[in-house]
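Me: Hello! I am new to this structure and would like to learn how to read it. Could you take me through it step by step?

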Amino acid sequence: MTRKQRRLILIGSGLGVLAISALLVLNALRDSIVFFNSPTDVIEKKIAAGTRIRLGGLVKPGTLVRGEELNVRFEVTDGKSAIPVAYKGILPDLFREGQGVIAEGLLEPAGSFKAETVLAKHDETYMPKEVADALKKQGHWKEEYEKKK
Amino acid sequence: MIAEIGHYALVLALGLAIIQGVAPLIGARLRDDTLMAVAGPTALGQFAFIAISFAALTACYIQSDFSVVNVYENSHSAKPLIYKISGVWGNHEGSMLLWVLILALFGALVAAFGGNLPATLKANVLGVQSWIAAAFVAFILGTSNPFLRIVGGPLEGRDLNPILQDIGLAVHPPLLYIGYVGLSISFSFAVAALIEGRIDAAWARWVRPWTLTAWLFLTLGVAMGSYWAYYELGWGGWWFWDPVENASLMPWLAATALLHSAVVMEKRNALKVWTVLLAILAFSLSLIGTFLVRSGVLTSVHTFASDPSRGVFILAILILFIGGGLALYAWRAPTLKQGGLFAPISREGALVFNNLFLTAACATVFVGTLYPLAIEALTGAKISVGAPFFNLTFGPLFVPILLVMPFGPLLAWKRGDALGAAQRLISAAAMALVAMAVTFAIAGGGPVLAPFGIGLAVFAMVGAMADLIERTAVMRVAPAVALTRARGLPRSAWGTAIAHFGIGLTMLGIICESTWGIERIVSLKPNEAVTVSSYDLTFDGMISRDGPNYRQVSAKFTVRQGGNVIEVMEPSKRNFTTRETSTTEAALMTRGASQLYVSLGDANPDGSIAVRIYHKPLVLFIWLGAVVMAFGGLLSLTDRRLRVGAPKPARKSRGTLQPAE
């Protein structure tokens, strides 16, 4: 084999692996990305039931109900609209009413949301960035949410 | 006063870094020995001043000097001493100071132990290294000064984020930073080689120990971060494909590829241009990781505080070094000489295979991490790319690596014998098949992929030993002879085998944990019991206990197996009064390499408590594998070849022909 042929094999296999990984990436991006939406987005965009999304906002004060067998219900609001969320499991340490939260799960036909995971902030000064942006959009951003620097 | 000394020392370090970034480079250009000799003392001085600065900040923390803003915001007088010290880097400013401390340490090590380097290469390397130091020290002084004072200091501090009040903070960031920043040396060597326009096998021999050192610390740092998240967050998960985790995985993949391509370059003088590119990319990924974590683009527990001016500054550093490095590469790489030839089936070929797939895997992680950021910047839509994406991309690309890995060390350089290697791996393949059959028989209707995964892990682990078994002839000769042969083998052969074994071990742990792990989330009243795997857990009741700066409520669980009490577990919740936050402290029971994991949820008004219980079979193999890999790296690092004998650069006579075959 000449130097040229060997280099062709090398470049060819490089391109081959690149093509395989590009295919894998495109395929995975089609199926496994999840969009973030605020409650207002869900209503305005008329997102179809059964769609997997991340729902973010504040836990509406006074809506948290703990049921039997670790079932929890609460509403997520961005100040304009609110969506009821059902979750079964243990809520994060820093989950509180009036605080930012992101829930990932499926929209149900009745307009409620079935959460599979619930994420809250990591410490008392942290507000999920998506939630902060959604609140700003609805004009409900308050300075007190800003980090106490 | 101490804070001011620290600040002043940092300014002096910046001054020295600028001198070191200019004089030696000019010296190397003009072949002026006096100018080149500036590099050594300035590198040592720069390290000394940054060390003084770091010591000053540490002293402020130990004394709880709350007139320093950084200490006030991140410390508390009641905090245990270990967290006062580790709290120094538990915040943005301090962690950047640790970053430059390690950067300067590496520079000083090259200055002190690089005596066998050619003078111009050493001057160039230290000059380039110093540019990185200058940029980051300027970043600290300009946007993240840890020594700022408050007028009229408060009496008490605001305490450290409780999640960080853990031994993990004392271990994980330093290990990870030594890994991240250690790659800067490979980068500086690559840029220095491009500046000189000359590169040879000796270059690879100098770069390899530094890359290996960085790699082994990076391996430990990533594993430690994973284990910390596992026990501290209370979710029982050990890898979330979080962008911050990916930021540490990408440099690791690139560094792993670089280690392997540097071997080809050192032994066969081939793949030069590619190795230089990888060295630039590996450190670029470290910088991108630093940018992602520190700029506030992502929000996570690692983002201590975001400030737009910092993001812009780090982005500028990023563009300067990555853009500059790649531009220099594009300009100078074509002038580098072509290396030796090799057949596709050969040791080199196997290492190229490894490099192709590692970089492809690294690229998919890169896409998955940055795609959401790009989409948000372009369309405003917010998306998240989670575990399913990485399972579909990273997974399939890693399988061929593990499959081919045992073949690599068995193939000869230049032209290998695939059939011969396959014959020597027959016993490994047979054991893998047995493992698959046994798994299939026991697990039965479980996931189809699991037995294959187990088979692959066993093949990788046994196959990793094939080279050692062959070379010591342990199956054919008397044990004493085999032992003598084993002693005579180069340490790098042992290192390779052990590191490859480690990756198989990690894979085994990952497959067992993710396939046969059990998760139970239940609500229990006192004296109620629950069965998980073969263990019966009885909830006995709650106990309150106060720590130095928190209140703790624990739940007492008695664990029985077959009716006998084998352990009492006390998972707890801690409430940190200063920050009004709570953390979950999971309780772990280790049996062999498997763990029972109990973590508390909320207490209900009726006296019951929510609790998560996991049984995680062989979960410790995940991190043990990483430790084994790092140990393999350490053995390789102590190889005679890298210690003894100053490597000589290839003869400059450009007329000599390369050996054709």
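Me: Is R591(B) buried or partly exposed?

Reply: Buried means under 20% relative accessible area, exposed means over 50%, and partly exposed lies in between (1.4 Å probe, protein chains only). R591(B) has a relative accessible area of 34%, so R591(B) is partly exposed. A word on what you are viewing: this is a predicted model, where local features need pLDDT of at least 70 and side-chain atom pairs count only at pLDDT 80 or more, while totals for chains, interfaces and linings use all residues. Residues are numbered from 1 along each chain as its sequence is written, chains are lettered from A and ligands numbered from 1 in the order in which they are written, and side-chain values use heavy atoms, with hydrogens and water left out.

Me: Which side chain meets R591(B) in a salt bridge?

Reply: A salt bridge is a side-chain nitrogen of Lys or Arg within 4 Å of a carboxyl oxygen of Asp or Glu. Here the partner of R591(B) is E567(B), at 3.2 Å from N to O. The pair links distant parts of the chain, strand β9 and strand β6 of chain B, 24 residues apart. Helices (H or I, at least four residues) and strands (E, at least two) are DSSP runs, numbered from the N terminus. E567(B) counts as partly exposed, because its relative accessibility is 26%.

Me: How many salt bridges does the structure hold?

Reply: There are 17 over all chains. One of them joins R268(B) and E348(B) at 2.6 Å, N to O. This pair connects helix α10 with helix α13 of chain B, 80 residues apart. R268(B) is buried at 17% relative accessible area, and E348(B) is buried at 0%. In chain A, R52(A), R54(A), E104(A) and E116(A) are linked in a network of salt bridges.

Me: Now for empty space. How many cavities are there?

Reply: Rolling a probe the size of a water molecule over the atoms shows where empty space is left. On a 1 Å grid over the protein atoms alone, a cavity is a set of points where a 1.4 Å probe fits but cannot get out; a pocket is an open set with protein on both sides within 12 Å along at least five of seven lines, and lining residues have an atom within 4 Å of a point. Grid points are joined across faces, edges and corners, and a volume is the space filled by probe spheres set on the points. The count comes to two cavities of 30 Å³ or more. The largest has a volume of about 90 Å³ and is lined by ten residues, with W206(B) among those nearest its centre. Both α8 and α9 of chain B give two or more residues to that lining.

Me: What is the volume of the second largest pocket, and which residues line it?

Reply: About 1500 Å³ of space lies there. The lining has 50 residues, and those nearest the centre include L10(A) and W274(B). Elements giving two or more residues are α1 of chain A together with α11 and α13 of chain B. The largest share, twelve residues, comes from α13(B), the helix that also holds E348(B).
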